[in-house]
Amino acid sequence: MSIATLLRAGGRTLGVLLLIALLAAAPQVSAEATQFGAKLSGQNEVPANASTASGVVFATFNSDDNSLTVTGSFEGLESDFNFGIGAHLHEAPAGANGPVAFALTPSINDDNRGGSFDASMNTFSLTEAQAATLLAGGFYVNIHSNDIPSGELRGQVVETAKVQVIHNSPDPAAFFVDVYVDGTLAVDNLRFRKATPYLDVAAGTTEVTVMSSDSNAGTAVSGATTFGTFSLDLEAGVNYQAAASGVVQQAQPAFSGNPDGRDISFALQIKEAAVTTAPRLTRVSANAFHGAPDAPTVSLSLRDNYDGRSATITYGDITRYFSPSARRDYIIDVSFDGEVIAAFFAPAFTLRVGGLGGAVLASGFLTPDDESTPCDICSTQKLPAFRLMAVAPDGRAGALKVAPLPDADDPTVAQGGGANAEGLIEEIALQPNYPNPFAATTQLRFDLPEEAEVSARVYDVLGREVLSIAPRSFVGGSTRTLDLNASSLSSGTYLYRIDVQMGAVSETLNGQMTVLQ
């Protein structure tokens with residue numbers, strides 16, 4: 001039974017399509033540089049105080065020259081910043097007081113109740129002993145104010161946690177989001193099916209807030225909607241994946257629920273101890289997130305029964321890591337009730353991903369155009385159709401090619417699902433038309449990360465429209481083409497414009513071509 005047949009038959013029986021494959025390497029912090037962070041609070045003081053002030057400091061340690069560079073900010077002091085005592089980096093373990101190692105130089109705000117640390121004014125050279133103390137978590141930051149000269153704010157300097165934020169909520173109302181960490185904007189205008197690289201976040205209890213954003217100006221709109229606030233306990237030196245999932249408008253009939261009864265409200269799927277590398281250079285490692293709200297529990301396995309292993313996963317869950325050989329390409333079979341209902345190419349060898357790690361997420365709705373469940377949003381914007389969202393540790397995201405089912409009567413049906421046929425396509429991009437120059441016909445070429453409507457117009461050097469191509473639907477992939485017949489044009493240089501409508505994203509690509517009749 002093909003994907004298309006299942007969707008036409010009702011769609012709710014189609015299982016989530018998940019891929020176990022690695023995409024690309026994460027940019028690694030060099031061996032010489034280690035990131036540290038300190039959350040500043042009165043509760044961290046010894047003894048603790050009731051100050052409502054707060055702040056965060058980051059420190060980059062370079063072991064090549066034992067230098068330490070401090071940045072960050074603080075705000076909300078109970079009284080003015082104390083210029084006589086100021087801000088210091090002390091040497092002492094957690095829960096103890098110790099001597100001043102370095103005096104920090106903040107730029108103080110106009111109200112004298114906060115400030116920030118600029119790297120150019122806060123770079124220090126550490127001795128070998130101080131470097132060892134730092135690596136053992138033996139430094140803390142202390143901020144002094146007039147009313148609390150002994151120290152109003154304090155935070156231990158420990159290695160940061162690293163968090164990758166992935167936007168996988170298919171609700172059109174949340175197509176673009178802003179992400180705040182402890183009240184500070186950390187990610188601006190993150191689009192659905194995009195991700196960040198791993199971000200340094202100070203360890204400890206962290207509040208992550210996801211809000212609506214202005215997709216044009218890149219700033220939060222007045223009265224922005226808060227989709228969710230989540231408390232995370234982050235451990236120093238640990239990687240985390242935080243994937244936004246679910247919907248924010250469950251009252252809409254289109255969001256009819258999950259077949260396994262799982263809660264589909266907006267949430268963060270958290271993977272602790274996420275990996276960016278495989279155990280050996282000859283392996284690849286990846287886990288899989290089930291993030292398609294209307295999909296049931298499915299089983300997935302590598303075709304040809306790789307090591308006899310398979311995984312069963314339900315919406316909201318995350319699989320363990322799989323580490324198949326990187327010396328071959330695979331097909332992943334996805335089964336529901338014992339029947340293989342979908343398959344995807346996992347080109348480990350072709351992509352040369354040995355030694356690397358990553359993740360893949362089921363994304364979108366299985367039945368986005370189900371007429372039995374209309375919604376107000378659908379009149380202006382379609383619900384996003386099901387795709388595989390593959391994410392690399394450096395933040396790149398894209399789709400992978402749909403493979404034929406093992407016993408597909410019509411393999412072209414299985415291959416027509418709209419996933420990228422060439423692997424990872426990150427952005428809408430223009431390629432040069434070919435041939436160019438040309439006489440009668442040429443191909444306008446472009447890359448698409450997802451399914452889109454594409455049209456084109458041709459203009460002469462005076463800006464007059466001389467040809468046009470009506471909108472057409474394209475599946476995602478590289479080197480998609482529009483055939484242009486320019487036999488009616490005289491010789492000369494022409495400009496062309498390709499208009500792409502991909503979900504809520506509109507983009508225009510501009511090119512130039514030469515006609516030789």
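This tour proceeds from the whole chain to a four-stranded sheet and then to a buried strand with its partners.

The model is predicted: local features require pLDDT of at least 70, side-chain atom pairs count only at pLDDT 80 or more, and totals for chains, interfaces and linings use all residues. Residues are numbered from 1 along each chain as its sequence is written, and side-chain values use heavy atoms, with hydrogens and water left out.

**The whole chain**

Begin by displaying the entire chain as a cartoon; three helices and 33 strands are present. Helices (H or I, at least four residues) and strands (E, at least two) are DSSP runs, numbered from the N terminus. Of the 517 residues, 52% are buried, where buried means under 20% relative accessible area with a 1.4 Å probe, protein chains only. Switching to a surface shows about 21,900 Å² exposed, of which carbon and sulfur atoms supply 49%; accessible areas come from the Shrake-Rupley method with a 1.4 Å probe. Among contacts (heavy atoms within 4.5 Å) with a separation of 6 or more, 69% link residues 24 or more positions apart.

**The sheet S21-S20-S22-S23**

Next, select the four strands of an open sheet, whose order is S21-S20-S22-S23 with antiparallel pairing. Two strands count as paired if DSSP finds at least two bridges between them. Strands S21 (310-313) and S23 (339-346) stand at the edges; each has a single partner strand, so one side of each lacks a neighbour in the sheet. Neighbouring strands here are turned by 25 degrees against each other on average, direction ignored; axes are lines fitted to C-alpha atoms, and angles run from 0 to 180 degrees between N-to-C directions.

Now restrict the selection to residues 298-302 (S20) and 330-336 (S22), an antiparallel pair held over four bridges. Ser 299 has Ser 335 in S22 as its bridge partner.

**Strand S25 and its partners**

Move to residues 387-391, strand S25. Five of its five residues are buried, so the strand is largely enclosed by the rest of the structure. With side chains shown, Arg 387, Met 389 and Val 391 point one way, whereas Leu 388 and Ala 390 point the other way.

Add residues 357-363, strand S24, which runs antiparallel to S25 and is joined to it by five bridges; Ala 359 has Val 391 as its bridge partner in S25.

Finally, add residues 397-398, strand S26, which pairs with S25 in the antiparallel sense over two bridges. Ala 390 stands opposite Gly 398 there. The hairpin of S25 and S26 has five residues between the strands, and in it Gly 395 takes a positive phi near 100 degrees.

Conventions
Buried < 20%, exposed > 50% of the residue type's maximum accessible area, 1.4 Å probe, protein only.
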